[in-house]
Every structure is written in C-alpha cells, then in structure tokens.
Amino acid sequence: MSGKLYKYRSLETVYDSKGKVMYDGVERCADIIRNNRLYFPSREKLNDPYEGIATPITLAVLGMGIYQSMGLMHPLIEERMNQYRILSLSGNPLSMQMWAHYAANYDGVCFEFGTGGILGAATRVRYIDKPFDAVFEPEDEEFERIIRDNFFYKSINWQYEDEYRIVEASNEEFIEFNSTELEGIIVGSAALKRKVVREQIIGTAKKKGIPIYYTLFTPMEYKLSIVTEEDALNLGVYDLVDILYV
C-alpha cells in the first residue's frame, strides 16, 4: 500500500497480584523509538474472541461436534491458527474511539509510519456482518490458506479501526522496521502532562530527529486535530501541558 499507517499505544503500567510490573507502557513505546521494532503478537494475545473464524472449518475428527456446540474451536484448528502472529495498524490517526480504547483516553501515543518499507506489506482488513459458509475437511494447502485469510476479516463492529495487518507464521516476537519509516509521533493530550513521557518519549524522539505532534480538541465541533508545537504556539497555547481545549 501507499500512504501512512498508524500504531496507537497505551502508556499504562500493568502490575501482577504481587505488585510486580508486568507491562510498562512508557518503556514499550520508548523501545519502539530506540530499537526500531514493533511487538508482533501471537493470535491468542489479540482482543477479539471471534478472531480468525470468518470461514469456519469443520473436520471429521473425534469431538468436533462437541467443540462446535460449545462455540469453541477444535484444538487441531487452534494449533494451526496459533502459528501466526499479527501486527495491527490503522489508517486513521484521528479516530476518537481509537484514542480512547488503544491510547488510554489520550494518555498514550500514536506512531506514524511511512509505507515505503516493510510496513508497506500491510493488507487492509475487510469487515463483514456474518461469517462465510463453513468448509468441511479442506486439503492441507486450502486449510492453511483459509486460516491465514481469516485474519484479514473481522466483524463489522470493528470497522472504526480502519485496520491494516501483516500476518505471518513466525516465531519472531518483533517486526523490525527501518528507522526512516517512523515519520512522526502523536502525543495524546493527557500523556503530555507526564514528565516521564516528556523525557523518555518526546526527548528520545527529538534526539533522533523524529517529528512530534499533539492532539488538540475543538469540542464545539466534536473535532480532533493534530498540531505541531509551532501550531500550538501560534494558537496562543503557550504551555503545551495545557493543550486540552481551544
């Protein structure tokens, strides 16, 4: 594809029951900037329980009917699905839903990527209102094709994501991109208030010459804009920590 793609990320810190850090959102985002790589999650890490079932597969194996009656996939099918990793990106940096859901209500960031390199291989997801007809006992090559193709279909309920995907059978935990592909970072207005974000994300990006942008609300129009630091100053918002409403 041509154009730009976007990756929304939360900056939240997640702890286990003993208070140990399980996920450090600021560090994960700083890692993207420092090491030019994006996390490449396996299927079971995705947040849609209907992921990968656009074309159901039925096998003539013991227990298939039981699994289907419970709305579950047979382990033989799930095993094949779990070979795949999926990188999800968006074509829209101005989605209020995406900023709320995936960037923790503007307490997050959105990475802007060019598509002249490896991320240009991303394919747009198609949104459907119901699954396709089931396929019974497909041959091995068709079996693999169906499973992979299924990752490019999602329920129409997810249409607001405007999603693009890279899907590969892989053991690699990250997809590495060329440093020139990261063309900008949009910082959510709530995230800007945090010193650690200004130091570890904005500071690191500026050292690498990566442009920084900010979200700006114009609530009388239900409008979200993306502005540069210069834009904000021209608008009379002198303290960028106060970029909330104009």
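This report looks at the nonpolar cores of a predicted model and at a few residues in and around them.

**The cores**

The largest nonpolar core has 33 residues. Within it, Phe 111, Ile 185 and Val 187 have the most contacts. Several elements each give two or more residues to this core. Two helices are among them: H1 and H6 (195–207). The strands are S6 (84–90), S7 (108–114), S12 (163–169), S14 (182–187) and S15 (212–218). Another core lies apart from this one and has 14 residues. Its members include Tyr 84, Ile 86, Ile 147 and Val 167.

Take Val 187 next. Leaving out residues up to four places away in sequence, Val 187 touches Trp 99, Gly 108, Val 109, Leu 192 and Val 197, among others. The list also includes Ile 202, Ile 212, Tyr 213, Tyr 214 and Thr 215.

**Ile 33 and Thr 204**

Ile 33 is found in helix H1, which spans residues 25–35. Thr 204 lies in helix H6. Along the chain, Ile 33 and Thr 204 are 171 residues apart. Their C-alpha atoms are separated by 7.4 Å.

What does Ile 33 contact, leaving aside its neighbours within four places in sequence? The partners are Phe 111, Leu 182, Ile 185, Ile 201, Thr 204, Ala 205, Lys 208 and Ile 210. Two of these names, Phe 111 and Ile 185, are also among the residues with the most contacts inside the largest core.

With the same neighbours left aside, Thr 204 is in contact with Ile 33, Arg 34 and Glu 199.

Is Thr 204 buried or exposed? Thr 204 counts as buried because its relative accessible area is 19%, and the cut-off for buried is under 20%. Ile 33 is buried too, with a value of 0%.

**Two loop residues with positive phi**

Asn 36 and Tyr 106 come next. Asn 36 is not a glycine, yet its phi is positive, at about 55°. Asn 36 sits in the loop between H1 and strand S4 (37–39). Tyr 106 is not a glycine either, and its phi is positive, at about 70°. The loop that holds Tyr 106 runs between helix H4 (96–101) and S7.

Both residues are buried, as the table shows.

| Residue | Phi | Relative accessible area |
|---|---|---|
| Asn 36 | about 55° | 16% |
| Tyr 106 | about 70° | 8% |

Note on methods. Residues are numbered from 1 along each chain as its sequence is written. This is a predicted model: local features need pLDDT of at least 70, side-chain atom pairs count only at pLDDT 80 or more; totals for chains, interfaces and linings use all residues. Side-chain values use heavy atoms; hydrogens and water are left out. Helices (H or I, at least four residues) and strands (E, at least two) are DSSP runs, numbered from the N terminus. Buried means under 20% relative accessible area, exposed over 50%, partly exposed in between (1.4 Å probe, protein chains only). Contact means heavy atoms within 4.5 Å. A nonpolar core is a set of buried Ala, Val, Leu, Ile, Met, Phe, Trp, Tyr and Cys residues joined through side-chain atoms within 4.5 Å.
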